[in-house]
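The following report describes the fold and packing of one protein chain, moving between individual residues and the elements that surround them.

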Amino acid sequence: MKKELDLKKLELSALLEITQAINGNLTDQDLYKIYHFTLLAQLHISRLSLFVLEDSWECKVNFGTSYNFKNGESLPDAITCLTEISYVTDLNLDAQWSEFETVVPILQNKKIIAFVFIGNSHDYYSTLGALSFVQTLSNIILVAMQNRRMARQRLAEEAIRNEIKIAREVQTMLFPKGLPNDDALAIHASYLPHSSIGGDYYDYIQIDADQFLFCIADVSGKGVPASLLMSNFQAGLRTILRQTTNLLTIVSELNFLIYCNAIAEKFITAFFGIYNRQTKVLSYVNAGHNSPVLLHENNAVQLLTEGCTMLGIFETLPFISLTEVPIPAKSLMLCYTDGLTEVFNTDEDEYGLENTIKFLQNYRYLPLPKLHEELLEEIKEHNQGSTNFHDDITLLSCRFK
């Protein structure tokens, strides 16, 4: 009786020591060391291995054995299927496991999270009932460690969410605050990011009383890296435009900027246009982007394709051309990113450029906001009624009155 009472005192002392260690906010490695010391010094367990299930089974604590179980030893199926404390001799295992007498499964929410192998223990721990304390002690420390990891993960996820929120707010600030709608022309834009942060971009910049620049662009990839590169692109465009309005120079300088700053082989496709209200001429460079559709009053279609290759691939663009296009009255132009045309239905039929042109011809006289709304509704129907598109979608339309 006295021996059992003494052992209960040791168990209480061990429990207190483990609890204090958990509350001390120690590292997992330090907690494993205290676990090791507690079982050895307090409970007189002199041979033990603790296997914990993370991505795979991993030996976290090993002492008193001639075989080092930390050398990547995998657990036999006869062990991993156990749910109750068992004798090793009943399991028909290989020779190295014979150093242990008992194996103790550790469960959380009815799922196995660890196994404790015990050998050469105090006489009191020769019964399965008494080993339940080791099971309880191990469960306390392992669950506490799991909970702490989950808490750290939640904090990390919250930090990422905050960073994404800030990046999204910064990205929103990149878009122009207002677009013109006067007697001469109207411009409207719509932006649907695939995720919380997208890689599409559009802009409108007034140069002087007669001229303005507009552009639409698409960064390869998505998420924060694409957003950061697009922010760099926007800042570069506005800086260069303050120095020159020569569109060939603007595009060439932007290409060099992206080439120097792009990460992980990212590139940008873009369409740049400068429109002169007096001459009614559009000067443009298409940098590997989807060709904008210029729809004339008689429903004839002109695709704006000329320019250069996408930006950021070459240090110096291998070719580049500037095209000037007279814009007749009552023309409609739609610029878009590939998220619009690359919508597929269940038969793998792409919405495509042809359907986009047909839509514009049928609905060209709708107010631009309504035109965008109906176009997005049409591709939603093409996508079986889902708005879960696989890419960002950006529309920028101009009506020349």
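## Fold and packing in the predicted model

His372 is found in helix H9, which spans residues 368–382, and this description, like the rest of the report, rests on a predicted model. With a relative accessibility of 1%, His372 counts as buried. Apart from neighbours within four places in sequence, His372 is in contact with His188, Ala189, Ser190, Leu395, Leu396 and Ser397.

Helix H9 is also among the elements that cover the buried residues of helix H8, together with strand S11 (293–295), strand S12 (301–303), strand S15 (331–336) and helix H7 (338–341). The buried residues of H8 are Gly352, Thr356, Ile357, Phe359 and Leu360. H8 itself comprises 12 residues, 352–363, and reaches 17 Å from its first C-alpha to its last, close to the 16 Å expected at 1.5 Å a residue.

The chain as a whole has nine helices and 16 strands. Of its 401 residues, 46% are buried, and the chain exposes about 20,000 Å², of which carbon and sulfur atoms supply 52%. Among contacts with a separation of 6 or more, 64% join residues 24 or more positions apart.

Strand S10 (residues 281–287) has six of its seven residues buried, so it is largely enclosed by the rest of the structure. The strands with which S10 pairs are set out below.

| Partner of S10 | Sense | Bridges | Citation |
|---|---|---|---|
| Strand S9 (residues 268–276) | antiparallel | six bridges | |
| Strand S14 (residues 323–326) | antiparallel | four bridges | |
| Strand S13 (residues 307–308) | parallel | two bridges | |

Individual residue pairs locate these pairings: Phe271 stands opposite Asn286 in S10, Ser283 stands opposite Glu324 in S14, and the bridge partner of Ala287 in S13 is Cys308. S9 and S10 form a hairpin with four residues between them, and Lys280 in the turn has a positive phi of about 55°.

Another group of five strands forms an open sheet in the order S2-S1-S5-S4-S3, with antiparallel pairing. S2 and strand S3 (86–87) stand at the edges with a single partner strand each, so one side of each is left without a neighbour in the sheet. Within this sheet, strand S1 (residues 47–53) and strand S5 (residues 111–119) run antiparallel and are joined by six bridges, and Phe51 stands opposite Phe115 in S5.

Tyr67 follows in the loop between strand S2 (57–63) and helix H3 (77–80), where, at 32% relative accessibility, Tyr67 counts as partly exposed. Not counting residues up to four places away in sequence, Tyr67 touches Asn62, Glu73, Gln96 and Glu99. Of these contacts, the one with Glu99 links residues 32 apart in sequence, with their C-alpha atoms 8.6 Å apart in space.

The largest nonpolar core has 50 residues, of which Tyr201, Leu213, Phe233, Leu237, Phe272, Leu311 and Met333 touch the most other members. Leu213, leaving aside residues up to four places away in sequence, touches Asp203, Tyr204, Ile205, Ile207, Leu237, Leu241, Leu247, Ile250, Gly273 and Ile274. A second, separate core of 26 residues includes Leu43, Val61, Ala114 and Leu142.

Notes. Residues numbered from 1 in each chain as written. Predicted model: local features only at pLDDT ≥ 70, side-chain atom pairs only at ≥ 80, totals over all residues. Heavy atoms only, no water. Buried < 20%, exposed > 50% of the residue type's maximum accessible area, 1.4 Å probe, protein only. Contact = heavy atoms within 4.5 Å. Areas by Shrake-Rupley, 256 points an atom, 1.4 Å probe, with all protein chains shown as cover. Pairing = 2+ DSSP bridges. Expected span 1.5 Å × (residues − 1). Core = buried A, V, L, I, M, F, W, Y, C linked by side-chain atoms within 4.5 Å.
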